[in-house]
Amino acid sequence: MTENGDAIDGGPGGSPDDSEPDESALDEDLRVPSCERCPALVESRSRIVNGVGPADADLLFVGEGPGAKEDERGEPFVGRSGDVLDDALRDAGLARADVRITNCVRCRPPENRDPTAEELANCRGHLDAEIDRLDPELIVTLGKVPSEHLLDRSVAITAESGEIVDARIAGASRRVLLSVHPAATLYDRSQRDGFFETIARAGELSGTGGGESGGQSRLGEF
Ligand code: SF4
């Protein structure tokens with residue numbers, strides 16, 4: 001590990017070569033314990049907000065970056081956006097504990113501005129290493145910024161939400177499902193059904209959903 005804490009960048013990262021991987025060790029291996037590559041974000045953050053969820057999850061959600069609540073609690077997608085995501089997961093027969101959730105940048109930008117291109121590039125190694133280690137069945141991008149970042153093109157997210165594309169990410173071709181950010185449903189109620197349908201589809205495509213809460217059968221309630 002470098003002084004910048006590039007714990008999950010480049011290479012296997014020193015895990016013991018056990019035939020039965022230790023889950024907590026795997027999760028620890030996905031964390032970035034320290035990093036100071038983005039001076040403005042180092043200034044504005046309280047902490048690094050690492051991804052949460054199983055280190056072998058089949059479904060990975062990728063957001064833009066931590067907001068105030070996430071920075072405070074040290075977990076991605078908490079607060080009102082997180083509540084919407086949790087509701088959609090529950091409706092799809094999923095629990096937050098079933099999936100992994102991470103961000104393009106792990107430190108809160110000042111005044112909740114978008115991360116700059118340089119900051120996104122700085123943090124890409126951390127994200128790619130997490131994706132490489134996790135090797136999920138499906139990546140769901142939550143919003144325009146992570147969609148454009150991972151697909152490396154402009155994305156009209158409202159129009160393209162729900163679409164599945166293959167993209168080369170972290171050294172492999174990966175299936176990506178585009179989605180609006182959960183906060184979009186708070187600003188525009190008409191986006192709620194589409195968001196819930198997209199999350200239900202994510203559960204089906206990754207083979208993760210289908211729990212007792214009933215998935216798409218309840219979509220009409222929203
Ligand atoms: S956003 Fe990423 S690259 Fe930038 S300081 Fe935080 S952890 Fe490091």
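Okay, let's start with the sheet: β1 and strand β2, residues 100-103, run parallel and are joined by four bridges. One pair to look for there is G63 with its bridge partner N103 in β2. Keep in mind that this is a predicted model.

Now the other neighbour. β1 also runs parallel to β3, again with four bridges joining them, and over there L59 stands opposite L138.

So, which way do the residues of β1 point? L59, F61 and G63 go one way, L60 and V62 go the other, and all are buried. That fits the general rule that side chains in a regular strand alternate between the two faces of the sheet. And because five of the five residues of β1 are buried, the strand is largely enclosed by the rest of the structure.

Let me stay with L60 for a second. Leaving out residues up to four places away in sequence, L60 touches R100, T102, I131, L134, P136 and I139. L60 is also among the residues with the most contacts inside the largest nonpolar core, along with A88, V140 and I199; that core has 52 residues. Elements giving two or more residues to this core include β1, β3 (138-142), α4 (79-91) and α9 (192-206), and α5 is in there too.

On to the ligand, then. What surrounds it? 15 residues do, and the closest are C35, C38, C107, N122 and C123. Two elements give two or more residues to that shell, α2 (39-44) and α5 (117-134), with α5 giving the most, four residues. By type, the shell divides into nine nonpolar, four charged and two polar residues.

Note on methods: Residues are numbered from 1 along each chain as its sequence is written. This is a predicted model: local features need pLDDT of at least 70, side-chain atom pairs count only at pLDDT 80 or more; totals for chains, interfaces and linings use all residues. A residue is near a molecule or strand if its C-beta atom, placed from the backbone, lies within 6 Å of it. Ala, Val, Leu, Ile, Met, Phe, Trp, Tyr, Cys and Pro count as nonpolar, Asp, Glu, Lys and Arg as charged, and the others, Gly among them, as polar. A nonpolar core is a set of buried Ala, Val, Leu, Ile, Met, Phe, Trp, Tyr and Cys residues joined through C-beta atoms within 7 Å. A residue is buried if 20 or more other C-beta atoms lie within 10 Å of its own, exposed if 12 or fewer, and partly exposed in between; C-beta atoms are placed from the backbone. Two residues are in contact if their C-beta atoms, placed from the backbone, lie within 7 Å. Two strands pair if DSSP finds at least two bridges between them.
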